[in-house]
Amino acid sequence: MVKDGDLFRADLPGMTSTSSTKTMARTRGRWLTAAAGKGAGRAGAVLLLDTVAAIGFAGGLAGGVVAVPHGIAAVLPWALLVAISGAARGLCAMAAARIGAAAAERAKAQVRARVIDAALHRAPGAATTMGGWITAAVDEVEALDGHVARFLPARLAAVLAPLLVLGATAIASPVAAAILLATLIPFVIAMALAGGAAADESRRQFVALSRLSSRFADRVRALPVVLAFGAEQREAAALGRAADELAKRTMRVLRVAFLTSAALEFFAALSVAMVAVYCGFNLLGQLPFPVPEQLDLGRAFFVLALAPEFYGPMRRLAAAYHDKQSAETAAERLMALPAPSATPRPRRVAAPPALAFVGVSIRYPESDRPAVARASFTVEPGQTVALVGPSGSGKSSLLHLLLGLAPLESGTVLVDGVPLDSIGTIAPLASWAGQHPLLLAGTIRDNVLLANRPATPQQLAVAVEAAGLGPMLARRPNGLESVIDPRGSGLSGGERRRIALARALLKPAPVLLLDEPTAHLDHASETALIATIAAACRGRTTLIATHSERLAAIADHVVRLGDTE
């Protein structure tokens with residue numbers, strides 16, 4: 001299977017020389033084969049058994065035809081062979097499809113897990129957009145399905161199965177075997193030419209699909225901004241043009257696919273026709289040239305029945321060839337994704353830690369100024385510190401830095417005297433409640449338990465009571481079992497924030513990080529929530545980013561951030 005270090009290879013797509021291209025192709029092939037695991041090989045072996053059964057089926061037909069003049073008793077053994085071989089072929093086809101599908105599911109699950117892991121542990125400020133990660137985890141990983149389930153088994157069968165058919169044919173008629181072999185040469189040339197064209201068109205089509213999917217996902221996420229600036233018509237037109245271009249590229253891929261299928265069918269029909277003509281004239285003794293054999297009815301019928309099977313595995317391979325091209329393009333893009341950032345093992349801290357920011361500067365990629373510049377302050381163990389300042393002053397960025405979500409440009413952050421660089425993130429030590437609480441479709445209980453699934457009913461009740469959710473639950477007939485949607489329909493802003501606070505309280509973490517927990521609340525709701533927050537801060541090292549002077553008043557220390565930092 002794919003090793004952790006082999007999933008992402010950002011250097012590969014930049015290679016342009018012939019040797020580098022060949023190296024990339026070999027590496028890509030090894031990556032895809034490793035991702036497939038052993039399941040594809042087992043499916044290919046089952047397809048080889050299908051070819052063996054096809055030889056038995058042809059032998060049974062030939063033997064039965066020859067035995068007809070000798071009565072039913074002579075025909076029955078051959079009929080039994082035909083029945084067994086036919087049943088075996090059906091079972092082999094079904095087994096190969098199931099084994100290949102299972103191997104594809106395992107491969108996709110493994111690669112998708114690595115992509116998601118890389119997305120969750122990406123370096124702060126990474127250039128890949130969330131739409132790009134979504135496209136990679138869904139569309140590009142899904143493109144591996146056909147390669148693993150159909151193409152790899154078909155490729156193994158296409159290499160060995162024709163040799164089995166050719167060998168069986170040669171035993172009955174060496175000349176017929178030579179005819180089959182001769183028609184294979186122009187077929188291989190035609191397939192190579194068509195395959196090169198298909199690879200280019202498929203790559204362009206898949207890249208266009210990936211870009212369209214990524215753009216669509218990013219625009220959906222930015223929909224409020226698009227609507228606020230009245231850009232919906234412009235963005236819809238741009239998406240429409242991209243979709244039209246994708247449709248054109250898809251049609252080009254289909255044209256090449258049809259050309260490939262036509263070439264295959266032509267040479268397959270030509271091969272069978274030539275074998276049929278040879279066998280017929282040989283039986284009649286009317287060949288215009290001498291041959292070193294004289295066929296009888298049984299051998300001639302066997303060769304005729306088996307001839308179509310010579311191109312059967314290659315038909316199967318051609319049908320799955322587009323899956324190969326899609327998977328190779330997807331592999332290039334998956335290997336080009338940025339590797340996950342290093343995630344050092346988190347420290348286990350039971351007591352509230354001390355935090356120290358020493359000359360900290362944060363700058364996001366492609367930003368013309370730092371989000372935070374040379375910030376220095378300390379938070380003593382168990383102390384509550386409020387970060388106050390106007391929008392854009394870097395309050396949220398400092399909290400994100402502790403969680404590994406913002407890039408540190410310079411300076412040092414110490415956690416109990418240990419540099420944050422050696423820890424990576426304090427997320428395992430922290431409870432978090434942001435200004436836009438994440439809500440999941442489900443019950444209120446599910447949303448609160450998101451922070452600590454193993455929590456006992458008593459722990460849950462304590463957190464709910466401490467967060468002040470009691471009055472809200474009392475007004476709902478189902479209490480904690482009340483169902484909410486992802487938008488929190490039917491909940492006020494204060495109720496959403498109380499759910500987030502209950503979630504934060506339920507996590508037994510020594511650090512509490514709050515980002516604008518009282519934003520956009522009326523005076524009464526803010527007053528009630530401030531009391532809840534004050535209780536939640538006890539016994540924890542707490543950082544609160546806020547505009548509210550009333551909320552800042554509960555802090556032991558206030559750090560004021562300037563207009564530009």
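1. Start with a bit of vocabulary: a residue is called buried when its relative accessible area is under 20%, exposed when that value is over 50%, and partly exposed in between. Leu 283 has a relative accessibility of 38%, so it lands in the partly exposed group. Keep in mind as you look around that this is a predicted model.

2. Where does Leu 283 sit? You'll find Leu 283 in helix α8, which covers residues 232-284. Leu 283 also belongs to a nonpolar patch on the surface, together with Val 66 and Leu 297. Added up, the accessible area of this trio is about 230 Å².

3. Now zoom out to the whole thing. The protein chain has 565 residues, and 45% of them are buried. Its secondary structure consists of 18 helices and eleven strands. The accessible surface comes to about 27,300 Å², with 64% of that belonging to carbon and sulfur atoms. Take the contacts between residues at least 6 apart in sequence: 79% of these join residues at least 24 apart.

4. Val 303 is a nice residue to click on next. Val 303 is part of helix α9 (residues 297-319). Is Val 303 buried or exposed? Its relative accessibility is 1%, so Val 303 counts as buried. Leaving out residues up to four places away in sequence, Val 303 touches Thr 169, Ala 172, Ser 173, Ala 176, Val 275 and Cys 279. Try Val 165 too: Val 303 and Val 165 are 138 residues apart along the chain, yet their C-alpha atoms are separated by 9.6 Å.

5. On to the strands. Strand β1 runs over residues 355-362, and six of its eight residues are buried, so you can call β1 mostly covered. Which strands pair with β1? One is β2 (residues 372-379), which joins β1 in the antiparallel sense over five bridges. Another is β4 (residues 408-415), also antiparallel to β1, with six bridges between them. For spots to check on screen, Ile 362 has Val 372 of β2 as its bridge partner, while Leu 355 stands opposite Val 415 in β4. As you look, remember that in a regular strand the side chains alternate between the two faces of the sheet.

6. Last stop: Ser 482. This serine lies in the loop between α15 (470-474) and β8 (483-484). Don't assume that a loop residue has to stick out: Ser 482 has a relative accessible area of 6%, so Ser 482 is buried. Which residues does Ser 482 contact, apart from its neighbours within four places in sequence? They are Gly 442, Thr 443, Ile 444 and Arg 476.

Methods:
Residues are numbered from 1 along each chain as its sequence is written. This is a predicted model: local features need pLDDT of at least 70, side-chain atom pairs count only at pLDDT 80 or more; totals for chains, interfaces and linings use all residues. Side-chain values use heavy atoms; hydrogens and water are left out. Helices (H or I, at least four residues) and strands (E, at least two) are DSSP runs, numbered from the N terminus. Buried means under 20% relative accessible area, exposed over 50%, partly exposed in between (1.4 Å probe, protein chains only). Contact means heavy atoms within 4.5 Å. Accessible areas come from the Shrake-Rupley method with a 1.4 Å probe; for residues, only the protein chains shown count as cover. Patches are made of residues with over 30% relative accessible area and no salt bridge: like charges are joined within 9 Å, nonpolar side chains (Val, Leu, Ile, Met, Phe, Trp, Tyr) within 5 Å. A salt bridge is a side-chain nitrogen of Lys or Arg within 4 Å of a carboxyl oxygen of Asp or Glu. Two strands pair if DSSP finds at least two bridges between them.
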